Structure formats: C-alpha cells, structure tokens
Amino acid sequence: MATPQTLDPPKAVPKMIEDLTLLEEVSARTAGVSRLEMCIQCGTCGGSCPSAADMDHTPRMLFAMLRAGMRQAALMSNTPWICVSCYHCVVRCPQNVHIADVMYTLKGMAIEAKLFQDSTAPDFSQTFVDMVEEYGRSYEFGLATRHYLKHFPLRLPGMAPMGMGLLSKQRMSITPTRIKDIKQLKAILKRAKEIEGDNHG
Amino acid sequence: MTKTTTNQPDGQEKIGVYVCHCGSNIAGMVDVQQVAQWAGSRLKDRGVVVARDYKFMCSSLGQELIEKDIKELGLTRVVVAACSPHLHEKTFRTACERAGLNPFLCELVSIREQVSWVHTDKVVATQKSQAVVSGGVERVLHHEPLEPLTVPIHPDTLIVGGGIAGIQAALEIADAGYHVFIVEREPSIGGHMAQFDKTFPTLDCAACILTPKMVQAGTHPNITLLTWSEVEKVEGYVGNFDVTIRKKARKVNVEKCTGCGICQEKCPKKIIDDVYEAGLGYRKAIYTPFPQAVPKYPVLDVKNCIFFEKGTCKACQKFCPTDAIDFEQQDEILNVKVGNIILATGYDLFDARKVTNYGYGRLANVFTSIEMERLTNAAGPTNGQIVLRDGKTVPKAVGIIHCVGSRDRNFNNYCSVICCMQSLKFAHLVHERTGATVYNFYIDMRTPFKDYDEFYQRVLEESTLFVRGKVAEVTDAARLPGEEGKLIIQVEDTLAGKQRRIPVDMVILSTGLEPRRDSREVGKLFGISCSANGWFTEKHPKLDPVATMTEGIYIAGCAQGPKDIPASVAQGAAAAARVLGKIQQKEMALEPVRASVIEEKCSGCRICNNLCPFNAIFFHEDRMVTEINPALCQGCGTCVAACPAGAITGTGFSNEQVLAQIDGLLLLNVGDEPIPV
Amino acid sequence: MAKYLLYPGCSMESSAKAYADSLAAITKPIGLELEEIQDWNCCGATEYLGISLTPAYALITRNLALAAQQANGHRTVVAPCSACYLNLAKADYYMREQPKLGKMVNEALQAGNLSYKPGSLEIRHLLDVIIYDIGLENIKSKVVRPLTGLRVAPYLGCMVPRPDYEGRWSDHEHPVELDLLLKALGAEVIDFPLKTHCCGGHMTQIGPETAFELIRRLIASADQYQADLMATLCPMCQMNLDAYQSETNRHFGTNYHMPIVFFTQLMGVAFGIAPEKLGFGMELVSAKKALEKIGLEIPEQETLLTRPKKAEGLPMPKPLPLKHQVAKKDEVEK
Amino acid sequence: MSDVFEPVIVGFTCNWCSYRAADLAGTARMKYAPNIRLIRLMCSGRLDPTFVFKALANGADGVMITGCHPGECHYLEQNYKALRRFHLMRRTLKGLGVEPERVKLVWASAAEGAKFASEVTAFVEEIRALGPLHWGKALGNGSTPNVAEEAVGKEKMEVAA
C-alpha cells in the first residue's frame, strides 16, 4: 500500500495583500470631498513640494500606494509628517485633490495604527493638542521645552540662546494662558471624540 | 412566433401591438409572449385587435407582418414594443406607410434599453413591459395623421470664419457650382494656420499648402469674400435665412487699391501686433496682416491712426499712387439671403498668464506656443531664428511644457488634442535649428492618428529628453549651483519618483485651445447651443458631427471642439457635403413635430410670446392673437406647457397624448378597471 | 459696535507681540474698528487636524460659534495669523462642501450649548481687509514718513494666498496685495520670487534640517535681491525666519542678517508712530540698521539684482489685469 | 414577493439628453431599479405641471423630471423654464399636503448613462422611505384634483411673469 502523499503547506504566505478598501477609507476620513480617487498621477504635487527631498515617497507615489492597498507601507511613510502644509500642491493639482487634508488624515490613521518610523512629529502634535485641551490656548514655552528636551536634547544648548532671547524680549510667556470657559471647550471636545470614535472606532 | 388573439373591434380604432424578442436581448429578461397575450386580452377594450410577438420585428419579415395586418385587419394604429425609438422609429413608420397607413400613427416603445437591458428580475421586467405597452396604446389613440412640412432651399450658402475649415467648405460648395459668402472678422482669411511655420507630422510648410487655397477662395467666381466683416443678425429658417452683415470700413477703396503696400511702408505709426504676430512683432496703423493676405487690400486701424488721433499726418493718402485711401469711408450694411449656414469660427488660445506658476508675462524667456510659431516662421519677427527675448541669444537648453491650461480643473478640464504633437514639432524644430538640449514635460503622450506616433519616434531618436510629470513651477530663483541666470523647471519625474530641478534658457508653453470668447453670443445669434465649455454642440457626437440642432446651421473645425488641421479640413468638407445635399434637394421636409395655436382659444395674454428661443411666435396686434411660424418652430413644446388657456397644441406631443400615456403607464396601479377616456 | 470681529490667535499674545502692538497702533489712523471675540480658543494650528478630524473641527468652530453670537449683524471675522485664518476659513468651507462634517461638528458643539451655521460668517485675513476695504488711497493719505529707500521683500508665506477657498486674493503664487501696500508706504518693493514659499512651518520643531533648508532659501533669495528687510503677515513665518535664523546660519555656515518685521510695523513707521509703540526691538535679528536707512539717500543701483528692464529685443506680453478692484477712498467711506 | 413597498415612479425625459442617457444606460447594461416608467418629451420645457399632478393622482408615488444640464439645452434655454416650473410645482405640492420631495429634477446629458441609472435608483430609495402616496384613491380615481388644476393655472402665470 502506497503511503498517501501529502502536500507541504506553503512555506511563506504572499508578502503583500492588496487592501482595496484603503483608498476609500482615507477618502472617507478626510474633511470635505477629498477627490483622492481622481488622481491622474501627473506629479504636480511631488514637483511642487518644498520638502519632497526629505520624503520617503512623493505625495503622488503615496497616492499610488493607497490605490494599490499597501496599507502598512503607506502609513509607515514619513511623507505626511514632512508635509509643511504649504498648499502649493493643492492649488496646482489639476484634479483638485485635497492633498494637504489627505496628509492630515494619513497622520491620524498612522497614529491610530501606531505606524511611524520616528515619534518626533506625532509626539509634537500630541503635546500641542494636550496643552490646547488643557488650557484652550497654545503654550509655546511649555511645548518647546518639553518637546526639545525629549527629542533634541543635544540641540537644546544651541537653541537656548534663542529661547532666552524670546523670553527676554517678552515673546514667550513662562506661564500658560487659560480661556475662561475651559469646561465648555472640554465638553465639546469630549463629545467630538465620541462622535469620531463612533465613526471610525 | 405565436399569434395570441385576434379581437373583433367594437370601437372605431383598430390597434395592432407587436412585441419584439430581439433574439434573446429582450426575450431573455421579458416574457414577451405573456406581454403580447396580456395586451391582446387586457387592452382589448382599448381597441387592440391583434397582439403578436416575433423574433426580430425590424427584419423584413417582421415588417411584412405589420404591413399584412394593416392591409388584412384594417389596422388604424400600430404599437411596436422593441428597442429605442432613436434606433428604429423610422423603420416602423416606413413599414406603416408602405401599407398605406399614415406613418405618424405608429408608436415605438422601448422595452430593450429601458427594460430588458437594465433590470434583473424577469417578473418585474415583464410587468414593466406591460405598463410600457399600455402607455403606448393609450398614447397612439391620440395620434393624428401628419403630413411633413416642406420648405424651399435657397441655393446660396453663408460661411462664417475664413480659417482652413471655412475655406475648405467654401471651395467644395463653390466648385460644385453654388454661390458662397465667406464672412471673416479679420482683414484676411487664413485663420490660425496662416501664423504657423510647419505642420505636423509631415513638416509641410503651412504657408506653402495654405496660400494656394486662400488664393483660390479669393478668386473663385462663386465666392464672395467679405473680410473685415461680421454677422449682425440672422432671421428666417432653414432654406430661407436673411442675414445682416456689417462690412467694417477699411478706409481703403478696394476698387482703386492695387495692394502695392506703399501706404504701409510710409505709415509712421508702429504698433505691437497682438493678433497675427502674437505680440512678438510690429505692424503699422494701416496694414495687411501678412504678405500673402487675401484679399491684398490693407485695413486702416482707426484706433491707432495718427490722423484719427490728432487730425494730421495722412502719409498713406499722400503716397498712395492710386488715391485709394478714403478717410471718410463708413461701415456698410449688407443683407444676403442664404439657404444654409456653416459656422467655422475657430478657437482662441488659452491665456498662459493665468498659470502664474509658469511665469509667462513675468519671466522674459517663457514663450507660448503661438509665439513659438512666429519665432520659427521664416517670415516672422526673427526670420525664423529661435532666440531668447533679447532678440539675439540662441538657447542651449529648452523646456517644452505640454498641457498648459488643458486637462486641468483650475483652467480647462478637457484635452486640447493638438498640444502633444505641437510640442513634438517644436522639439524637432529647436533641435534642428539650435542643437539645444530639449526637454519635453508631459502627463500622457497622445499621438493617435496617422503617422503621428512615427513622428514621436523620430523626436525620440533626436535625443529629446522626455520627462513624465506635470511641471510644478518655472522660476528664476536659483537655489543650487548652476541655476543662476537660468529658468529652473521644477517637476516630479514621476517615472524616477524624484523631484527634479532642470535649468534651461527657454521655456515653451504648449497652450491649449479654448472656445472663442464670444462663442455663446455667436451661438445665440445663429440659434445653436454650446456645451458647458463653450464649444458649439453638434447634433450627434458620433453620427452627426457637423449638423446642429437647428436645421440649416452646420459647424466645422475647432468651433465644434479642439482638433488639428486634417480633422478641420475633413469637417469643412463634410459640412459642405451636407449643405450640397440640401441644395440638391431644392426643398426639404421638416419633421412635423410643431406647435400651433388654436386661435379661438387664444386669449391674447402673450405669456408664450417671450418663451420661444427661435422667435417662431409672433403676435397679431390687430386680432390680438398669437401665431406660430411652423418653419421656425423646432417643437420643444415650452409654449404648449406655458399656455394658461390650453390654446397651443404640439403635434406629436400634445397634452392628450402625454396624459393618455400617463394613464396607460399607470394602468396596473389604479385598480383593475379600464380607464375612462 | 465694531464692523469686524477680531480673532487674534495665540501667537499674538506671545511670540508675535510686535504684531499685536503694531496692529493696535495703526487701527485708529486707518479707521479700522476691531472687536475681539470673547473667550476665543486656540485654532489647533497645523497639529490638531493631524490627530483627529471631528475634535479638530469642533475646536476651530467653537470660535465661529462664539463669533456668530457676538456678531450682531456684522459678518466679518478678521484673523491676522495665517494659520488661524486658514483654519477658520477651512472649517467654514468644508462644513459647506460636506454637510455631514457640519452635522458632526454641530453635534459636538451642542455639548457646550453652541451651534454654528456654516457660511454665516465671512472669514478674512487682516491684509485683505486693509487692502480691499480700507483701500490704498486711504492708506497713502496717512503716510507722513514714506519708507523711501527701504528695500523690502514682501513675504506672505503659504496659508494666506492658498488654498483661498473664496477667491479673495489676486493670485495663489504671486499675489500683489502686499506689494501694493508696501509701495503705498513708499518702500522700494523687490519682486521677491519666493513671496509665497514655505517658511518650514512646524518643521522647526519636528525636523529642523528640513526647516533650515526652507529658511535658507527664503533668506538667501531676499539677500540676493539686497532686501533690507522682509515684511511678513504671519506670526509663524516671522518666528521661523527670525528666531531660527542664527541656527540656520550655523547649520549652513552662512552669515545672513535679514530682519523680519510685520507689515503692520512698517505701516506704523510710515504713519509716523514711534517705533517703540510698534514692537520694534522684539525681533531677534535686529531691524535697527535697516530702519536707519529711511530718509537717507538711495543706495547704488548697479549691483542690485533686479529683472532686466525690457529695452530692446522682443516685446513682453502685457500683464494680466487684477482680479479684484482695490477699494478707492470714497468707496470705503460709503 | 416581499412586503417591501415598491414605489411607482413616472419619469419625464428630454428627447435629446436624458432619454438618450437612458438609452446609453441600457446599451451599457447598467442596472437600476425597475420602478420607473419613462415618458419621452421633446424638451423638459414641454413639461406641463398638469402631467406631474396627473401622474401623482393616478397612482405614481413620485415623479422624476430629467433634462439637459443648464446651458446645454438643445432648445437653447428651455430647461431653465423647467427649473422654474419645478420649484413652483414643489411649492404647490407642499400646499396640497404632498411631500415636495416626491418630485425630483435631475440634469443628465446624453453621455451620462451612469448618472441616470444611479439617480433613478437613489430616487426610488428616497420615495420608498417616504412611503406610498395614495393620492389618487383619496381623491377619487384617475382624475386630476381640482385644487391641483387651479394651482397649475396660477403657476403658469407665475412662470411666464
């Protein structure tokens, strides 16, 4: 009796699984009508970008990745974090894609999925937002010191004269300002977060 | 084939219902036998005496079936349930006519495009088909036998626009022996083509192939050339247009003028020529736009003339050897009668100054494509030398940018068709004449017609550097070594996935084509419509590209949409063929879908008077009633819907017909009782 | 009741105090009445939008809701800060473009007993109001110390002319509004090619190398054109170009000294207001030397980097006409 | 058959654009809800408000009016007249106690088969959500209610004004 032959299970699963819902999801989570699906890959965005040199992918390439469903790679890209929100690409885009707002969406999705190469930028945003939520106003001194201490401790001595300069010229306040009805703001933001959670939780 | 029922009629009308299988196109989703059976029994009281289904109603056997029933059963009305009336309405009307039934007593209802092809549930689709048939039956009961209207066709033709499309159309008609009037706004015919140097993909010299045609048009005994003229008013209708033309004063007596050119030589006033030289060259206050102009007579530009400004000068008059200058000459108003009109009014160029990131108008060495045409033209301001705006430096590196103002929602969202080939032509000419490094920046390379892609191959062979990417900006702000004093083209090279900054000496913007700025007013003048972008709308985008919705008005060339020279010529000839066909018929039948006023009902309220876009409605002040000119009426029915007294009726689409159709369509929804008529 | 509601933004209280001081000093001469929105909060700058959508828009819109309550018939909110202006305008626009967003934001505002109907306010930048409502003629008539001889690089940065949802500016790339204003003050305005390029934004905080390069480009270009100073209208631009200039110099081994001031400070100078009332001295790269030039003779021209004037060769195309009409004096008074 | 309410919609189309859009939807085999039954007019400007009231009175639950895009009318500008009548009709319906949403105006060019199909499907869902009209039955079978007829007359004067 012949021994029954068994097939070996595949040694490796395919590396990339195309996630065709990605583009739709990004588009749906972007404020306004993103028109992301209208991209014709012309490269106006990548050509316009003042910080393209420091990006892993040009915005155009990133949109191609979204189309191809490369979720992990797209969210890991540093591109949205390098975006300086200059809106050059937005006004020049021949298809009127809301490129800058798509970048904001991708940042939010990356934070949610905990996918980023370097936490400097997400931390900065989070610290900024924490302070705004606490005081209702931004608090530059607290933000700068906290942020630089954590991420650029070596650069701090170099920055110190600047900080001192700003302080001595009364351009930075050591104490934060708080709005009067911070309770109202906190209630609004609490409800907003619940709504956001219901939508994308 | 199943014959379902033959009823004995008890009303006056005898209706035949024919349900088509269209192979399986309809029968696959609709139970056609059931539809026919249902019509035969359920609609018996409505006058249906026979209801059949058949595999292909449009086949000759299918048509014979109808003819036979008309003859043998004495049918007075026919309803065919098959495909869209836009496809076969004429087929079945003709079949009825052959059998002696007035063709307008036949109604075709669509159960293919609107039922079987778009629905997925056979039961529901069959029910809907029954409703549609019922609607047709109710409607056809109110049809009336109609006779087509006939109007005579005046043999003369008006062509508006003397570019290559208009010239071609004019020559075709004139050669066939009929008279043509060409009205051209500029001092000479020739249009944009007269400005070009070479034409793609053969690199024929534009002047060499255009000039003979211009001369032919200028000397043809059957062509009346009205340059420096504009159409002011169009009245009448197909076959019988009355056109008012303003012949602007040239201030030159063409009877005396020999076109010697001394006046231009002696005129002391030099003006930048924004039209023919695209702003790159100069002309005088009295001028012919270019040496080969047809007609040869100059035009005096009153706005820039020193005599008209200050009251002295008259240099042109003093030196004219034939005393042809006439400062007193006034505009002339001409009235011509024509049977058909061809609009070949062409295009305007996109204004590249709007794309501020490309710097045209701010950065000296950014040029537009039309400027480039003049630069490369041997008769142009630089005698064909490709140089920078300083007038002398030959560029070492040139960037050509495609799609400027086209395929861009910030400007025009359509493709301008000619720019890719035009850009390739410039790449070749720059390479040939300067040896400069040439870059072409494109989004997609579009070279679809005969020998076009071969030309692309040739330009590739010439080592032109192609960069796939829409240029982001052209700047003179140097950032890197080697950029000082240059124009820097910043672009994402999308195939390399990297942003590049390419320093060049000269940038050429391949600007797109736009509808004439006054295309909407011109459309209104001639009673035709424009697309959202402003191009004239053709009757059918595929099957009737040079006719318009207004009988007797045809379009050709870029007025209909962006196109290149071969396509413009083809359309000019096509429009001419259509016009000649009409002239040959001597008279034509008009579709009798028309509105008419029942005078006894008209209260003279005049509500309808201003609603008609074709000016078909006029008011009899003496009798205080309104009347509609059936030759002008196009049958839209707006006045019918607006008449508060119900005094206007529209043949083919009368209130009774539509209301009855509503009844029929909703038969299944209002109990199961027959509908009172 | 003031005609305009002012949304100052956080920077005006700290890093851009000079902007706030100079603005306060010039409002009276030009007849600009501003009323601060009570208890306004931070707009979230460019940070909140990247964290979470609804909270970010709710944060911005709380200000619009408060403004609408306070508006009392007037519809215009004025923001002197670019990022604030853009965020307010963006929220208003997107809530109209996408009603679902407006619904979610209003649901959140409900928790604070607030609501805002998108489109009910007009959001404009300070410069827009000064140019198009107050008018150049009006401003010219107030100039007592023209800035003759001062070479100024007009610098708008990104977020004022872009994305410009309502089409308020003459152009996205090369708007002329700031140039016209500075010219009205008598300054010699250079044709600054990078006038709407980016200052680096928040990259000074999160990726300084990226930011330093952007700062270098701007300062180097202004320096190339021999500008005495740059005039800006954005607190973030001023902060980045001024406070990070020495760090940028160190990074590239350069030695630029390019003072960055707010356009309102220059307006104050031209109106004859004492420099100390205009926040001068608060800048880290001192504008002292540049200011000394005012009233002095015009420096030598031949080395200046300007575009060649067309004298011979082929003619240039005519410039495109302005999109909007700059307000004349009498129109404002109406 | 399920108990889901299947509305009946009467659709008025323009011979030149939306009827051709419907043809195109068919040629391209795009699927849409079968609840609509089309009537071809030469132009949306031909739409007499009586037609709409008649359809609703005779058992239709909704009426869809389709025409060329503004500026693209084959009769130059008659679709603008349809637009004005549409607004007046909605107002009249409201006055008669009928949800104005039962009448919808859609622009569809001859090239917009997909738009035509999706608009039909969407409208069927909107009417499904509104529920059956039963106007005809309440007012006695088949005849246009007098109130509506009067309203139509008044409306015509307003349109023309």
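# Notebook: helix H8 of chain A, two interfaces, one arginine

I began inside chain A: 13 of the 16 residues of H8(A) are buried, so this helix is largely enclosed by the rest of the structure. I note that the model is predicted. H8(A) covers residues 120-135. I checked its span from first C-alpha to last and got 23 Å. That is close to the 22 Å expected at 1.5 Å a residue. Next I looked at what follows the helix. A:Gly136 comes after H8(A), and its phi is positive, near 85°.

**Chain C against chain A**

One residue further on, I turned to A:Arg137. Which residue does A:Arg137 pair with in a salt bridge? The partner is C:Glu13, with the closest N and O atoms 3.2 Å apart. I then asked the rule for salt bridges across the whole interface of chain C and chain A, and it finds four. Polar contacts came next. I recorded 28 residue pairs across this interface, both residues of each pair at pLDDT 80 or more.

I listed the elements on the side of chain C that touches chain A. Helices giving two or more residues include H2 (53-71), H3 (82-97) and H4 (99-110) of chain C. Later in the chain, H8 (203-206), H9 (208-224), H10 (235-243) and H11 (245-252) of chain C are also among them. H2(C) gives the most, with seven residues. By class, I sorted this side of chain C into 35 nonpolar, 23 polar and 16 charged residues.

How many residues does each chain bring to the contact? Chain C brings 74 and chain A brings 66. I computed the area next. The two chains bury about 6100 Å² between them, and 59% of it lies on carbon and sulfur atoms. I also looked for the residues of chain C that lose the most area to chain A. They are C:Ile51, C:Gln205 and C:Ile206. Together these three account for 10% of what the chain C side buries.

**Chain B against chain A**

I repeated the lookup for chain B. Here 17 residues of chain B are in contact with 21 residues of chain A. The pair buries about 1500 Å², with 40% of it on carbon and sulfur atoms. The rule finds two salt bridges across this interface. I opened one that joins A:Arg60 to B:Glu492, side chain to side chain, at 2.8 Å from N to O. I counted 17 residue pairs in polar contact, again with both residues at pLDDT 80 or more. Strand E26 of chain B (residues 487-493) gives the most to this side of chain B, with three residues. By class, the side of chain B that touches chain A has three nonpolar, seven polar and seven charged residues.

**B:Arg374**

Last, I looked up a single side chain. B:Arg374 sits in helix H11 of chain B, residues 369-376. Is B:Arg374 buried or exposed? Its relative accessible area is 1%, so B:Arg374 is buried. I then listed its neighbours, leaving out residues up to four places away in sequence. B:Arg374 touches B:Ala194, B:Gln195, B:Tyr276, B:Glu277, B:Ala278 and B:Leu280. B:Ala379, B:Gly380 and B:Pro381 are also on the list. I followed the contact with B:Gln195: the side chain of B:Arg374 reaches the backbone oxygen of B:Gln195 at 2.9 Å. I closed with one distance. B:Cys106 is 268 residues from B:Arg374 in sequence and 61 Å away in space, C-alpha to C-alpha.

Methods:
Residues are numbered from 1 along each chain as its sequence is written. Chains are lettered from A and ligands numbered from 1 in the order in which they are written. This is a predicted model: local features need pLDDT of at least 70, side-chain atom pairs count only at pLDDT 80 or more; totals for chains, interfaces and linings use all residues. Side-chain values use heavy atoms; hydrogens and water are left out. Contact means heavy atoms within 4.5 Å. Buried area is the accessible area (1.4 Å probe) that two parts lose on being put together, summed over both. A polar contact is a pair of N or O atoms within 3.5 Å; within protein, one must be able to donate a hydrogen and the other to accept it, and residues adjacent in sequence count only if both atoms are side-chain atoms. Helices (H or I, at least four residues) and strands (E, at least two) are DSSP runs, numbered from the N terminus. Ala, Val, Leu, Ile, Met, Phe, Trp, Tyr, Cys and Pro count as nonpolar, Asp, Glu, Lys and Arg as charged, and the others, Gly among them, as polar. Buried means under 20% relative accessible area, exposed over 50%, partly exposed in between (1.4 Å probe, protein chains only). The expected span of a helix is 1.5 Å times one less than its number of residues.
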